[in-house]
Amino acid sequence: MSVVSLLGVKILNNPAPFDAKYQFEITFECLEPLQRDLEWKLTYVGSATSSEHDQELDSLLVGPIPVGVNKFIFEADSPDLKRIPTSEILGVTVILLSCSYDDREFVRVGYYVNNEYDNEEMNDDPPAKPVIEKVRRNILAEKPRVTRFAIKWDTEDSAPAEFPPEQPEADAVEEDGTAYGAEEAELEAAEAEAEVAEGVKEDKEDEEMGGADDTAGPAAAKAEDDESDAGSEDLEAESSGSEEEDIEEEEGEGEADEDMDMGEDAQQTSTGKEPAIQGQHQGEVMVH
């Protein structure tokens with residue numbers, strides 16, 4: 001746990017001319033009495049491509065620090081133009097406000113800074129050599145980037161651990177990878193057993209269906225033979241019946257011919273036979 005906590009930073013002069021001083025109102029809280037002072041620094045990043053152009057604008061020692069909430073004003077000079085590349089004066093850059101205890105940095109606040117001319121004409125067509133008197137800086141105070149670091153304060157107990165603490169009980173716990181692999185193996189074995197059981201079940205069903213076909217085969221064949229025999233018998237009966245009718249018709253026709261040859265003398269006899277002949281012709285029509 002940090003002994004000093006940064007509560008807030010307020011920029012007093014923003015926006016401001018490029019060569020004006022930086023002014024910050026800083027509020028922090030101290031939880032324990034400190035043996036040394038706090039050192040505050042403001043750094044200007046002169047170039048985005050190299051740290052060689054970074055320059056420390058100012059530093060301030062604050063102490064002794066009473067326990068509780070504290071507030072002070074931190075002022076810093078503007079950057080030295082000679083240490084900034086000409087092409088990097090205008091545009092967006094960064095300033096860093098940091099605090100250290102016993103040369104150990106424990107908090108850092110970064111702000112974006114936009115440097116531009118105070119009129120649109122010069123911004124649209126900037127001169128080859130920057131005119132510093134016309135350049136204004138605007139710090140994006142609404143979007144700071146705060147970074148905190150764990151450090152050792154006055155006691156050894158406050159020092160951060162260099163290595164993770166030992167956890168013997170964690171070594172006894174089975175690794176997630178091993179447990180996960182065992183679960184996968186069990187799942188695969190269960191799926192394999194299910195597939196084997198399903199295959200055996202399908203084989204049994206095929207065998208039962210095959211046995212049913214074999215059992216029903218002779219009976220079905222016999223039934224089909226009986227049906228075919230019965231059909232042939234009916235056809236034979238029908239054919240024999242039709243032959244007998246044909247024979248009767250031929251006999252009737254022969255008798256009719258003989259009756260016709262007998263002449264007028266046998267008219268009474270032939271007249272008695274005419275109804276029989278007509279009946280035979282009617283039967284022939286019915287058969288067809």
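How many disulfides does the count come to? In this predicted model, the count comes to zero disulfides. Two cysteines are nonetheless worth a look for their surroundings. C30 is buried, with a relative accessible area of 1%, and C99 is buried too, at 0%. Both values place these residues in the buried class because that class covers anything under 20% relative accessible area.

The nonpolar interior comes next. The largest nonpolar core comprises 39 residues, and Y22, L34, L38, W40, L42, I95 and F106 are those with the most contacts inside it. At least two residues of this core are supplied by each of the strands β1 (4-11), β3 (22-30), β4 (38-45), β5 (55-62), β6 (68-76), β7 (91-101), β8 (104-117) and β9 (135-139). Strand β8 provides the largest share, with six residues. For a view from one of the well-connected members, I95 is a handy place to start: leaving aside residues up to four places away in sequence, I95 touches Y22, F24, L42, T43, Y44, V109, G110, Y111, V113 and I139.

A polar residue also deserves a friendly mention. Q55 sits in strand β5 and has a relative accessible area of 4%, so Q55 is buried. A polar atom of the Q55 side chain lies 2.9 Å from the backbone nitrogen of D80. Beyond residues up to four places away in sequence, Q55 touches L42, T43, Y44, P79, D80, R83 and I84. D80 thus appears among the residues touched by Q55 and as the backbone partner at 2.9 Å. L42, T43 and Y44 are touched by Q55, and these residues are also touched by I95.

Terms used:
Residues numbered from 1 in each chain as written. Predicted model: local features only at pLDDT ≥ 70, side-chain atom pairs only at ≥ 80, totals over all residues. Heavy atoms only, no water. Core = buried A, V, L, I, M, F, W, Y, C linked by side-chain atoms within 4.5 Å. Buried < 20%, exposed > 50% of the residue type's maximum accessible area, 1.4 Å probe, protein only. Helix = DSSP H or I, 4+ residues; strand = E, 2+ residues; numbered from the N terminus. Contact = heavy atoms within 4.5 Å. Polar contact = N/O pair within 3.5 Å; in protein donor to acceptor, adjacent residues only side chain to side chain. Disulfide = S-S within 2.5 Å.
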